Amino acid sequence: MIAQLAVAFFLFLISTGVFFGITNNAQKEPYMDELFHVPQAQQYCAGNFTKWDPMITTLPGLYIASLLPLYPIGFIFSKEDIASSCTPLLLRSTNILFSVGNLYLLYLTTYKLHYNKKNGGSVVLTALTLATFPVLYFFTWLYYTDAGSTFFSLLTYLCVLHKRHRSAAVCGLVAILFRQTNVVWVMFGAGVTAGQVILNMQSFFSFQLIIMGSLLCGIYCKREISFGNCHILSAQLPALCHKG
């Protein structure tokens with residue numbers, strides 16, 4: 001499966017790089033919603049964190065994510081270097097990183113949910129198919145919130161599946177910083193977590209029932225019936241509890 005995953009990543013990177021180059025050659029200036037996102041990100045790059053375009057309806061998660069990799073440049077050179085480096089091309093490349101991350105998270109999530117020894121190849125193919133879903137993949141080459149929003153939503157769900165609830169809470173908060181509507185997916189993760197807790201409680205109660213039933217069976221056996229019949233009943237009780 002490692003070889004199949006490597007091939008999938010190679011094909012994904014090649015296709016993404018080609019389409020990214022075509023898009024940026026054809027559209028060097030901000031396009032559609034980039035008319036709002038790019039100038040706002042450039043304000044953050046210039047250190048103007050209090051200036052906000054009222055036409056923008058999302059929270060600043062995307063701009064912060066774009067700034068963080070560039071911020072060390074300010075310690076080496078100057079803040080002017082950060083501001084000048086925030087070109088549409090560089091800002092758009094942020095989503096390339098998120099898109100590659102989405103492919104890997106989709107693979108990990110599909111592996112966790114559906115993997116068995118017979119369908120290893122289909123797990124990789126499913127992840128690749130979902131990562132290139134046109135509605136998501138098109139925005140990989142533009143400076144939109146889709147790729148980053150999807151990345152942190154998937155990461156939240158993956159943490160939930162692995163029962164790392166604190167990490168899931170942090171990732172869910174970051175997902176909301178990209179898009180407020182991600183609160184729906186955060187609530188979905190909370191619902192899955194609640195289901196996990198309920199199942200654990202059921203297992204705990206079943207264990208308690210087995211212990212209590214065995215004790216009662218022992219008392220009853222001692223007083224009323226033969227040892228052989230008691231042995232049969234106590235052996236069947238865990239199975240009955242498990243079915244319940």
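Met32 sits in the loop between H1 and H2, and that is a good place to begin a walk through this predicted model. What is the phi of Met32 near? The angle is near 55 degrees, a positive value in a residue other than glycine. That is worth a pause, since most residues other than glycine have a negative phi. With a relative accessibility of 48%, Met32 counts as partly exposed, because the buried class ends at 20% and the exposed class begins over 50%.

From this loop you can step into helix H2, which covers residues 34–45 and contains Glu34. Glu34 is buried, its relative accessible area being 0%. Which residue is its salt-bridge partner? Glu34 pairs with Arg92, and their closest N and O atoms are 2.7 Å apart. Arg92 belongs to helix H6 (residues 88–114), so the bridge ties together parts of the chain that are 58 residues apart in sequence. Arg92 is buried as well, at 0% relative accessibility.

Arg92 has another polar partner to look at. The side chain of Asn24 makes a polar contact with the side chain of Arg92, at 2.8 Å. Asn24 lies in helix H1, which spans residues 2–26. Is Asn24 buried or exposed? Its relative accessibility is 8%, so Asn24 counts as buried. Leaving aside residues up to four places away in sequence, Asn24 touches Leu89, Arg92 and Trp141. If you display Arg92 with its side-chain partners, then, you will find Glu34 joined to it by a salt bridge and Asn24 by a polar contact.

Now zoom out to the helices that carry Asn24 and Arg92. Two packed helices are described by the angle between their axes and the distance between the axes. For H1 and H6 the angle is about 155 degrees and the axes are 11 Å apart. The two helices are therefore roughly antiparallel to each other, as the angle is over the 145 degrees that this class requires. H1 passes H6 in a right-handed crossing. On the H1 side the contact includes Leu5, Phe9, Phe12, Phe20 and Asn24, while among the H6 residues that meet them are Leu89, Arg92, Ile96, Val100 and Tyr107.

Next, follow the chain to H9 and H10. These helices pack at an angle of about 165 degrees, with their axes 8 Å apart. They too are therefore roughly antiparallel to each other. Their crossing is left-handed. H9 contributes residues including Gly148, Ser149, Phe152 and Cys159 to the contact, and H10 contributes residues including Ala168, Cys171, Gly172 and Phe178.

In the loop between H9 and H10 you will find Lys163. Its phi is near 60 degrees, again a positive value in a residue other than glycine. Lys163 counts as partly exposed, with a relative accessibility of 48%.

How many salt bridges does a search of the whole structure find? There are 2, and one of them is still to be visited. Asp146 forms a salt bridge with Arg179, with the closest N and O atoms 3.2 Å apart. Asp146 is in helix H9 (residues 146–161), whereas Arg179 is in the loop between helix H10 (165–178) and helix H11 (183–223); the pair links parts of the chain 33 residues apart. Asp146 counts as buried at 13% relative accessibility, and Arg179 as partly exposed at 29%.

Terms used
Residues are numbered from 1 along each chain as its sequence is written. This is a predicted model: local features need pLDDT of at least 70, side-chain atom pairs count only at pLDDT 80 or more; totals for chains, interfaces and linings use all residues. Side-chain values use heavy atoms; hydrogens and water are left out. Helices (H or I, at least four residues) and strands (E, at least two) are DSSP runs, numbered from the N terminus. Buried means under 20% relative accessible area, exposed over 50%, partly exposed in between (1.4 Å probe, protein chains only). A polar contact is a pair of N or O atoms within 3.5 Å; within protein, one must be able to donate a hydrogen and the other to accept it, and residues adjacent in sequence count only if both atoms are side-chain atoms. Contact means heavy atoms within 4.5 Å. A salt bridge is a side-chain nitrogen of Lys or Arg within 4 Å of a carboxyl oxygen of Asp or Glu. Axes are lines fitted to C-alpha atoms, for helices over the stretch in contact, and angles run from 0 to 180 degrees between N-to-C directions. Angles under 35 degrees count as roughly parallel, over 145 as roughly antiparallel, 65 to 115 as roughly perpendicular and the rest as oblique. A crossing is left-handed if the near helix is turned anticlockwise from the far one by less than a right angle, and right-handed if clockwise.
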